[in-house]
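Here is a walk through a two-chain model, with the contact between the chains up front. Have the structure open while you read.

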Amino acid sequence: MITYKNVCKKYDDVTVVKNLNLTVHDGEFVVFVGPSGCGKTTSLKMINRLIEMDEGTIYIDDQDVNKIDGDQLRRGIGYVIQQIGLFPNLTIKENILVVPRLLKWSEEKCEARVHELLELVGMPYEENAHKYPKEMSGGQQQRIGVLRALAGEPPIILMDEPFGALDPVTRENLQDELKILQKKLHKTIIFVTHDMDEAIKMADRIAFMYDGKLLQVASPEDMLRNPADPIIKSFMSKHVSTLENQSLDLKCKDVMSTDILLITEQKKAMEIMSLMKQKEMNWAIVVDEEKTFKGTISLQNIKKQGELTGVAQDLMDTKAETILLTADAKEAFNRLMKSRAKFLVVVSENGKTVGIITKSIITEKLANVVWGDLDWVL
Amino acid sequence: MAMRFVVQHLYLVCMACLFTAFFGLILGAVAYMFKWIRSFILGVVDVLQTIPVLALLGVIMLFFGASSTTVIIGIVLYSLLPVVRNTYTGLETVDPGVKEAAQGMGMNRWQRLFKIELPLAFPMVFTGIRIAVVTSIGIAVFGAVVGGGGLGSTINRAILIQDMDTLMKATLMLMAMAMVFDFGMSIIEKRLQAR
């Protein structure tokens with residue numbers, strides 16, 4: 001358990017951390033978040049005394065950190081930084097073993113520990129232990145950075161924007177891995193980031209700091225639901241707005257697909273089939289000259305007729321439902337969910353057929369709004 | 001030109017450079033670690049190099065007499081600058097992330113210096129030593145004036161008796177020595193930097 005008690009830090013006349021009080025429980029994942037210069041990194045570094053506090057104290061399990069020798073203290077706390085900071089003159093194995101060696105572990109214990117840790121992140125010992133850091137990618141290096149922090153079996157790990165310098169895909173992977181590691185190892189982790197997405201994803205509790213003050217400590221859900229301060233709300237605007245406002249504004253126009261095949265009533269079955277083949281579709285919408293919706297026709301329908309002499313008018317299904325272009329997307333969603341209809345035909349106010357909404361189309365569009373552009377996944 | 005003088009010259013240079021490297025490293029590291037004495041150390045080695053070599057040797061001779069010791073001390077004082085400066089700069093420019101990590105892992109000041117910072121600064125230190133070696137080959141020539149021997153004596157005598165042939169040979173020998181050391185050490189230097 002880590003307890004901040006009235007902790008203050010000043011640089012010259014500027015107070016960067018103001019009267020911080022916070023308790024972090026064993027096995028908890030707490031994320032300090034806030035804009036740059038809010039004092040979050042300073043707060044983190046006062047735990048292992050890389051930065052000394054001016055007032056107040058921090059207790060680790062009821063022991064005042066100011067009363068422990070700094071180097072001894074740091075050997076017992078894992079530390080991961082944004083710049084990774086692997087020692088370029090040491091191999092991966094030697095890097096991992098820095099703290100165990102400082103703690104004077106036996107050689108067998110060290111050896112076993114390296115094997116165990118590399119296995120933990122799925123990096124084979126033979127392939128990786130004797131490499132030098134610069135032979136690895138940034139993502140791999142930071143995996144080792146995390147292992148190095150874990151090596152001395154510290155109960156607490158401090159992470160200062162550990163994934164900030166990595167590309168988005170690698171960052172996601174490492175976030176997931178860290179989350180799994182934490183579940184497995186039950187470490188107490190204090191994590192600093194300015195990225196709210198990361199905070200929401202990783203944290204058991206988020207500690208929001210602004211201008212040296214702790215504005216709110218809450219679980220991600222609580223903070224999203226009840227931000228204690230307008231600043232927090234604006235910092236989370238992206239998330240809040242997607243949940244509250246933006247979805248209300250969505251119209252059918254925003255969630256429909258215009259990738260449709262329109263055919264006139266008098267088209268012959270043969271022609272319709274070849275058109276469908278060309279566009280690689282197995283259905284079409286039948287309209288009149290004014291593009292007014294008349295019905296739908298599927299490849300199956302045509303084939304069922306056996307002879308291919310009919311025209312669209314005779315073959316079409318007129319039961320399909322329509323919805324106005326300007327109607328709320330929510331209405332379209334409700335109708336799709338409640339009725340047996342597989343799709344809704346979207347018509348404009350002057351009666352022209354303009355698009356279609358299916359369950360999968362609307363789900364994809366809504367997902368886009370909530371989680372951002374997912375095109376690269378799909 | 002006797003081979004004896006070439007060997008003597010090399011002896012002066014090698015001895016001096018061993019001391020230069022040793023004291024230069026220590027002074028550079030001290031300047032890096034203790035801020036209060038930093039500008040003093042860097043200032044003194046700077047000033048030492050502005051003293052004319054002959055004057056410097058003359059002063060040292062007052063204490064150690066006309067001997068090779070005097071020459072070696074002179075060379076050391078004179079060539080400290082590149083080693084001290086490069087050691088200091090090399091240590092100072094080690095990646096701050098690496099330094100922070102080392103401290104965050106709980107290494108104490110000396111462990112950080114010897115296990116991380118000095119090994120990483122070494123290529124730069126070596127460059128300093130190379131410069132020191134090459135300059136000291138030239139400075140050792142002045143050694144003849146204070147009875148230190150070496151190729152300086154050969155050149156001195158050749159000038160006195162106007163023996164152009166020996167003078168040329170000795171000069172070429174000095175140039176060859178400087179080039180061989182410079183070239184050989186620059187290869188090692190590149191290897192170090194590539195690591």
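## Where the chains meet

How many residue pairs are in polar contact across the interface of chain B and chain A? The rule finds six, counting pairs with both residues at pLDDT 80 or more. On chain B's side of the contact, α5 and α6 (109-139) each bring in at least two residues. Helix α5(B) gives the most, with seven residues. Sorted by type, the residues on this side come out as nine nonpolar, six polar and three charged. Keep in mind that this is a predicted model.

In total, 18 residues from chain B and 21 residues from chain A take part in the contact. About 1600 Å² of area is buried between the two chains, and carbon and sulfur atoms give 61% of that. As for salt bridges, the count between chain B and chain A is one. That bridge pairs B:E100 with A:K45, whose closest N and O atoms sit 3.1 Å apart.

## A phenylalanine with contacts in both chains

For a close-up of the contact, try A:F87, in the loop between β6 (77-81) and α3 (92-96) of chain A. Is this residue, A:F87, buried or exposed? A:F87 counts as buried, because its relative accessibility is 0% and the cut-off for buried is under 20%.

Leaving out residues up to four places away in sequence, A:F87 touches A:N95, A:V98, A:P133 and A:R148 in chain A, plus B:V98, B:A101, B:A102, B:M105, B:M107 and B:I116 in chain B. For a sense of scale within chain A, A:F87 and A:A332 are 58 Å apart, C-alpha to C-alpha, with their positions 245 residues apart in sequence.

## Chain B on its own

Chain B has eight helices and zero strands, so to speak an α-α-α-α-α-α-α-α run from the N terminus on. Its C-alpha atoms fill a box of roughly 70 × 35 × 20 Å along the principal axes. Of the 195 residues in chain B, 49% are buried. Take the contacts between residues at least 6 apart in sequence: 78% of those in chain B join residues at least 24 apart.

## How confident is the prediction?

For chain B the average pLDDT is 91, and 99% of the residues score at least 70. Among the elements of chain B, helix α5 (residues 96-104) has the highest mean, 96, and helix α7 (residues 151-160) the lowest, 88.

Chain A averages 87, with 93% of the residues at 70 or above. Confidence in chain A is highest in strand β7 (residues 156-160), at 97, and lowest in helix α13 (residues 246-249), at a mean of 54. Over residues 241-247 of chain A the pLDDT is below 50, and this stretch has seven contacts in the model beyond near neighbours in sequence.

## Salt bridges in chain A

Side chains of opposite charge can pair when their charged atoms come close. Across all chains, a search of the whole structure turns up 21 salt bridges. One of them joins A:E55 to A:K10, with the closest N and O atoms 3.4 Å apart. This pair links strand β4 (residues 55-60), home of A:E55, with strand β1, home of A:K10, and the two residues are 45 apart in sequence. A:E55 is partly exposed at 41% relative accessible area, and A:K10 is partly exposed at 37%.

A:R205 and A:E28 also meet in a salt bridge, at 2.5 Å from N to O. A:R205 lies in strand β9 (residues 205-210) and A:E28 in the loop between β2 (14-24) and β3 (29-33), so the pair ties together parts that are 177 residues apart in sequence. A:E28 is buried, with a relative accessible area of 10%. Then there is the bridge between A:R335 and A:E321, at 2.9 Å from N to O. Here helix α18 (residues 329-338) holds A:R335 and strand β14 (residues 321-324) holds A:E321, 14 residues apart. Elsewhere in chain A, a network of salt bridges links A:R113, A:E116 and A:E153.

Conventions
Residues are numbered from 1 along each chain as its sequence is written. Chains are lettered from A and ligands numbered from 1 in the order in which they are written. Side-chain values use heavy atoms; hydrogens and water are left out. Helices (H or I, at least four residues) and strands (E, at least two) are DSSP runs, numbered from the N terminus. Buried means under 20% relative accessible area, exposed over 50%, partly exposed in between (1.4 Å probe, protein chains only). Contact means heavy atoms within 4.5 Å. pLDDT is the predictor's confidence in each residue, from 0 to 100. Buried area is the accessible area (1.4 Å probe) that two parts lose on being put together, summed over both. A salt bridge is a side-chain nitrogen of Lys or Arg within 4 Å of a carboxyl oxygen of Asp or Glu. A polar contact is a pair of N or O atoms within 3.5 Å; within protein, one must be able to donate a hydrogen and the other to accept it, and residues adjacent in sequence count only if both atoms are side-chain atoms. Ala, Val, Leu, Ile, Met, Phe, Trp, Tyr, Cys and Pro count as nonpolar, Asp, Glu, Lys and Arg as charged, and the others, Gly among them, as polar.
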